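Please consider the structure shown below. The paragraphs that follow lead through some of its strands, aromatic pairs and cavities.

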Amino acid sequence: METIKANRGPLLLPLLLMLITVAAYGVWNTLFSTATAASCLTLGRQYLSELNFSGAILEFSNAIAMDPCNKEAQVGLAQAYAGSGQYDMASQVLEEAMDSSRLDRDLSEELVKIYVDSGRESHAIQLIEQLIRQTDEEQYYQLLQQVLELYFQQPRPYGASWDQALLIRDGELSSRGSNVLGQLGTDHWLGDPQAVQEEFLPADFPGEALRVSCGGQTSYVVDRSGDLWAAGENRWGQMGLSYGTALPENGWIRLTDTGDVATAVGLPGQLFVLRTDGSLWQSGVNGGQSLTKLEQFPPIIALEGSGETCYILTSQGKLYALSSGTDQWQLLGSDVVDFSPLSGGRAVWLTADGSLYGLPYRNNQWQTDEKGGVLPEFSVRRIAASSSAILLEDAQGRLLRLTSDGQVTEMALAAPLTNLYGDGSCGVACLENGELLLWQQDAEPAHL
């Protein structure tokens, strides 16, 4: 026993010295790395203020390499990428930095800004909705309202049904097609079932139109003030005016005067109205002759219609469809950020991870995920479906066309793309110079 005690000191001494050396090195290395990361942060902030985005990206990246959890460096790197127009990289930095189970408020608020600046308002709205569920703070309810209103300001200058079409061009509303029930908004051939107006002519609209849509033999217009107008059929009380009539009527009728309508979708005998607070209202078949609020949904961020089907996208990323004459909403997809109706009560949609669902055809080189979606070789921002093609806007703002043979072709544009939408029968691309490209059954677009 004495021998063991006598030898314990010499055996432990080298081990103790080694531990002290390792600890000292760790302290020194930590202090040195922190100082170096701090200097990178300082230089990154300077470059960012000077709009030297490439320099800022380098310095913030170096800071993160030395201190991977440095939130200031993560935000700075995202801002530098966004400043250089690399919005996908900017959002990726913050998305990877966040814990999905508990959102970081600073990172989330910066990510909301990046989503809005890059035209991905639906991503921003869904992130704000998560912040609301996590904190229940008034500032996020206000932020949600601000982004919703911004999202709803996007023009929708073309809409069509089987009997009529509406077009906003140079600030003036025009219409063409049948006017058997007054759906053109004028007295041209009013009540005549045989006459068809082949060209777009002034629709005698009394205000400044912002968004248009058609459902059955009824036309709808949201004006710049946020009020809803209608012309045409009202036999089921779909205009929400507490009465129905089968008589042809000339002129436009103002349905609301509250200035809070974002958009409207008509089906045969039904009207659905989305207000700027995200609430959904209906009238007509299954809804009565007055606009009634549907209470079962969280805020709605998108409302579309095609033929006899209505589609809504909630702020929580749920995509639902409703067939005309029914009251049962069918869940189509989750984590959805954009969608477009197809004919026959179907739809195509884009999820937050970049996957596409419901495609009637696709490129054979695209990967298929375990949920049945496909992942294109490029990042998709928006999608629109027509009867002849699927239109895709990528992260660089290019307009791509996917055809039934699986080929993807870039479309030459005379100006940057500002909006893209479809109703299944036609796809519409809105350009910054005011030009509209319309895809229907033909492979090449019509220029309006």
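Strand 1 (residues 158-160) and strand 2 run antiparallel and are joined by three bridges. One of the residues concerned is Y158, whose bridge partner in strand 2 is L167. Three residues separate the two strands, which together form a hairpin. The model is a predicted one, and the descriptions given here should be read accordingly.

Strand 2 also takes part in a second pairing: six bridges connect strand 2 with strand 3 (residues 172-177), again in the antiparallel sense. Here A165 has R176 of strand 3 as its bridge partner. Strand 2 and strand 3 form a hairpin as well, with two residues between them. In that turn, D170 has a positive phi of about 55°. Strand 2 (residues 164-169) is mostly covered, since five of its six residues are buried.

Further along the chain, the loop between strand 4 and strand 5 is the place of A203. With a relative accessibility of 0%, A203 counts as buried. In sequence, A203 and G185 are 18 residues apart, while their C-alpha atoms are 5.5 Å apart in space.

The loop between strand 4 (197-202) and strand 5 (209-215) also holds F205, which brings the account to the aromatic residues. The count of aromatic pairs comes to nine. One of them is formed by F205 and W229, with 5.4 Å from centre to centre and 75° between the planes, and this pair is edge-to-face. Because W229 belongs to strand 7 (residues 228-232) and F205 to the loop, the pair ties together parts that are 24 residues apart in sequence. Is each partner buried or exposed? F205 has a relative accessible area of 12% and is buried. W229, at 11% relative accessibility, counts as buried.

F297 and W329 form another pair: their ring centres are 5.5 Å apart and their planes stand at 85°, so the arrangement is edge-to-face. This pair links distant parts of the chain, 32 residues apart. F297 lies in the loop between strand 12 (288-294) and strand 13, whereas W329 lies in the loop between strand 15 and strand 16. The relative accessible area of F297 is 16%, and F297 is buried. W329 likewise counts as buried, at 16% relative accessibility. One aromatic cluster is made up of F272, F297, Y320 and W329.

The strands next to these loops lead to a sheet. Four strands make up an open sheet in the order 13-14-15-16, with antiparallel pairing. Strand 13 and strand 16 (330-333) are at the edges and have a single partner strand each, so one side of each is left without a neighbour in the sheet. On average, and with direction ignored, neighbouring strands of this sheet are turned by 25° against each other. Within the sheet, five bridges pair strand 14 (residues 309-314) with strand 15 (residues 319-323) in the antiparallel sense. Among the partners, T309 is matched with S323 in strand 15.

What space is enclosed within the protein? Rolling a probe the size of a water molecule over the atoms reveals where empty space remains. In this structure there are three cavities of 30 Å³ or more. The largest cavity holds about 430 Å³ of space. Its lining comprises 31 residues, and the closest to the centre are Y151, Q154, E304, D338 and N419.

Which elements supply the lining of the largest cavity? At least two residues each come from helix 6 (121-135), helix 7 (138-152), strand 9 (261-267), strand 13 (300-306), strand 17 (336-341), strand 22 (380-385) and strand 26 (417-422). Strand 17 gives the most, with five residues. Strand 13, an edge strand of the open sheet, is thus also one of the elements of this lining. Divided by class, the lining of the largest cavity has 15 nonpolar, eight polar and eight charged residues.

The second largest cavity contains about 70 Å³ of space. A231, G232, E233, N234, M239, Y243, T245, L247, E249, G251 and I253 line this cavity. By class, these residues divide into five nonpolar, four polar and two charged.

How values were computed. Residues numbered from 1 in each chain as written. Predicted model: local features only at pLDDT ≥ 70, side-chain atom pairs only at ≥ 80, totals over all residues. Heavy atoms only, no water. 1 Å grid on protein atoms, 1.4 Å probe; cavity = no way out; pocket = protein on both sides within 12 Å on 5 of 7 lines; lining within 4 Å. Points joined across faces, edges and corners; volume = space filled by probe spheres on them. Nonpolar A, V, L, I, M, F, W, Y, C, P; charged D, E, K, R; others polar. Pairing = 2+ DSSP bridges. Axes fitted to C-alpha atoms, helices over the stretch in contact; angles between N-to-C directions. Phe/Tyr/Trp six-rings, centres within 6.5 Å; stacked < 30°, edge-to-face > 60°. Buried < 20%, exposed > 50% of the residue type's maximum accessible area, 1.4 Å probe, protein only.
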